[in-house]
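Reader: Could you walk me through some side-chain contacts here? I'd like to go pair by pair.

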Amino acid sequence: MTNVMNYISTMAVPTVIGIIIIYGLIDKKNIFDIFVDGAGEGMSIVIKIFPTLLGIFLAIGALKSSGILEAITKNIAFITKLIGFPSEVVPLALLRPISGSGSLVVATEIMKTYGVDSKIGLIVSTIMGSTETTFYTIAVYTSSVGIKKIRFVLAAALIADLVGMITSAVIWNIIG
Amino acid sequence: MLNKIWPFFIIISFIFAILSGNMEEFNNSLFTSCGEAVDLTITLFGTMCLWNGLMKIVQETSLIQRLSTLISPIMKFLFPKLRKEDKEYKEITINIIANLLGIGNAATPLGLKAMKTMQEKNPNKDTITDNMAMFIVLNTASLQLIPTTVIAVRMSLGSAEPSKIIVPIWIVTIIADIAGIIATKILSKKF
């Protein structure tokens, strides 16, 4: 079972790239020119997010080095243990719905500290890949058309996030 | 939001460092943070460019149209009141596919267009409709097929199997999305 999953995981990226290239060939496009053009746009995106990442690294580094993050994590460990959720992952769970680059920085730090292929590292990776920046998305989509009453949307979105985070921990407790 | 959280994090850390005697570590972290930010940016640089290039090819081919027909049964379940001829139907479909493929910078403008079209038919301009709610919940849940950023970060940290997480991520994504969809269906009847 785990072997099959690993095999599919390894096949996923090459398959997607293969399909894209074959489709480009079928549609008779100059795919290399288009690829280079798109890759160039990617450069400006990375340069644009650098200042944000720098600011977030500064704040997260401050929280970590001052010892406050460790103190908080230790104090809530007993609650998270109850549901089998590792307390080391809690800082990520709290930041994930609020800030995309912030959670990326925290995820990187956690993986660095506990090992990228450790159970905690795998749970962190799974949370990052299966959830989104909920608050930001709701704000952008509703404010763009001037909607003020969002009814139950935040609750429903946070339910999805919570289920995703708990399932991320559960799945690695089963297969890990 | 970061305008409030960012200074708050730094100030409480400063105060906590004074109280706990971790001032030296705190001071050092201010300098090492800069190097770490550069490291992560360099890690993301290659991957971002690669996928942007590939996704540009996707946008220029008929792949998106082909995938639209594949997801029409799901669309019918999620948005029962929408008809295929509706303008927002097509916009929502393309937004979902762009999200699936991880073309974030294409998905958002398309999504905003869909919101605008739905808003034109909305009788209460300041209140969200059921269709809008479902659409936004889908966008706050992840739909991405290949978690490129996570794989890039894992690779840079020396993972032996950087893409090992793909299938688990699919399973978790499906479960989380179903939870969001069910919550939306139930809550939209009550609130």
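Author: Sure, one term up front: buried means under 20% relative accessible area, exposed means over 50%, and partly exposed is in between (1.4 Å probe, protein chains only). This is a predicted model, where local features need pLDDT of at least 70, side-chain atom pairs count only at pLDDT 80 or more, and totals for chains, interfaces and linings use all residues. Residues are numbered from 1 along each chain as its sequence is written, chains are lettered from A and ligands numbered from 1 in the order in which they are written, and side-chain values use heavy atoms, leaving out hydrogens and water.

Reader: Is B:Glu85 buried or exposed?

Author: Go by the relative accessible area, which is 63% for B:Glu85. The cut-off for exposed is over 50%, so B:Glu85 counts as exposed.

Reader: Which residue forms a salt bridge with B:Glu85?

Author: A salt bridge needs a side-chain nitrogen of Lys or Arg within 4 Å of a carboxyl oxygen of Asp or Glu. Here the closest N and O atoms are 3.8 Å apart, and the partner is B:Arg83.

Reader: Which residue of chain A does B:Arg154 pair with in a salt bridge?

Author: B:Arg154 is buried, at 0% relative accessible area. Its partner is partly exposed, at 34%. The closest N and O atoms are 3.0 Å apart, and the partner is A:Asp117.

Reader: How far apart are N and O in the salt bridge of A:Glu41 and B:Lys56?

Author: A:Glu41 is partly exposed at 32%, while B:Lys56 counts as buried at 18%. The N to O distance is 2.9 Å.
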